[in-house]
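Here are a few short exercises to work through with the model open. Try each task before you read its solution.

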Amino acid sequence: MTKNEIYEELLSICEKENVLRDEPMKNHTLTKLGGKADFFVTPVSYDQMSEIVAFTYKNDVPFMLLGNGSNMVVRDGGIRGIVVQFSKLNDLYSTGTQVVAQGGANIIDASRLALKESLTGLEFACGIPGSIGGAMAMNAGAYGGEVKDVIDHVTVVTKEGKQLKLTKEELELGYRTSIIGKKGHMVVEAVFNLEKGDPYKIKEKMDDLTYQRESKQPLEYPSAGSVFKRPPGYFAGKLIQDSGLQGKGVGGAEVSTKHAGFIINKSNATATDYISTIQMVKEKVKETFGVELELEVKIVGEDPAE
């Protein structure tokens, strides 16, 4: 299909203001990096989402779902086809001891709603900069808690455009992995099982975790968050630090001097700078300690044209 044909089909599904052409991905990633997406679409209903996905599947149009742009690096050549973001599917509400969140809501906001309703269990998520959909896909966790500890079930759209409900057991949640990522499902809603708690103790814990995060992480610079998974028996940040890599990088990208597990966009970096710095870190740690670091961030898109 031509770009114009794809555009017309998208306009038959979504409102015009929710379909952007040649949209710079640096506007939608926390690294502030990335070339242009052919189409950037923000559906406002589950049915629109299903129609878009079914259309891409039937017509073999490249498709990618974007959370809130954390934990991701988009190459400078941008993304072909359609990028969909659930930013307008972001409702949150509580019912009894459950919190219900649409896929485009931020998991930080879910933890704040839990606090407001005196519900405990989501405190660990108060500093995770990701959407509900992204957090579910990678079983996000921090400070001893993980999504799998509190999830009840999710509603997803399959890559064929069908809506499907998955229980906690069916999600196959492991360390930074789930059936969602493996199958290419898209989370449109998640339901968390929490418990009634003391709001003062909940807030105290969230304040403590927020302090730990802000004092130790380089939040003053754009970044993709923690770049590498924790290697068995090691800590990625400690390996990188002990390899003497803090403050080093390529172009405008740099290994943070505040937390070695983070690579920051310090000075108008390109995605190529950022990815080259990742590769430099991997090679140096392998050379120094014999440990192969595995990426936690996703690298997507195309290299820039020569």
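This is a predicted model, so keep that in mind as you go.

**Exercise 1.** Work out which residues Thr42 touches, leaving out those up to four places away in sequence, and decide whether Thr42 is buried or exposed.

*Solution.* Start with the contacts: Thr42 touches Asn18, Gln85, Ser87 and Lys88. Next, pick out the polar one: the side chains of Thr42 and Lys88 are joined by a polar contact of 3.4 Å. Now place the residue: Thr42 sits in the loop between strand S2 (36–41) and helix H2 (46–59). Finally, check the accessibility. The relative accessible area of Thr42 is 8%, and buried means under 20%, so Thr42 counts as buried.

**Exercise 2.** Trace the open five-stranded sheet and find which strands stand at its edges.

*Solution.* Write down the order, S6-S7-S13-S11-S12, with antiparallel pairing. Then look at the ends: S6 (92–95) and S12 (163–167) each have a single partner strand, so one side of each lacks a neighbour in the sheet. On average, neighbouring strands here are turned by 15 degrees against each other, direction ignored.

Now zoom in on one pair. S11 (residues 151–157) and S13 (residues 186–193) run antiparallel and are joined by six bridges. Val154, for instance, has Ala190 in S13 as its bridge partner.

**Exercise 3.** Say which strands H2 and H3 touch as they pack on this sheet.

*Solution.* Take H2: it touches S7 (98–102), S11, S12 and S13, and its direction makes about 140 degrees with that of S13. Helix H3 (residues 107–116) touches S6 and S7, with its direction at about 35 degrees to that of S6.

Key:
Residues numbered from 1 in each chain as written. Predicted model: local features only at pLDDT ≥ 70, side-chain atom pairs only at ≥ 80, totals over all residues. Heavy atoms only, no water. Helix = DSSP H or I, 4+ residues; strand = E, 2+ residues; numbered from the N terminus. Buried < 20%, exposed > 50% of the residue type's maximum accessible area, 1.4 Å probe, protein only. Polar contact = N/O pair within 3.5 Å; in protein donor to acceptor, adjacent residues only side chain to side chain. Contact = heavy atoms within 4.5 Å. Pairing = 2+ DSSP bridges. Axes fitted to C-alpha atoms, helices over the stretch in contact; angles between N-to-C directions.
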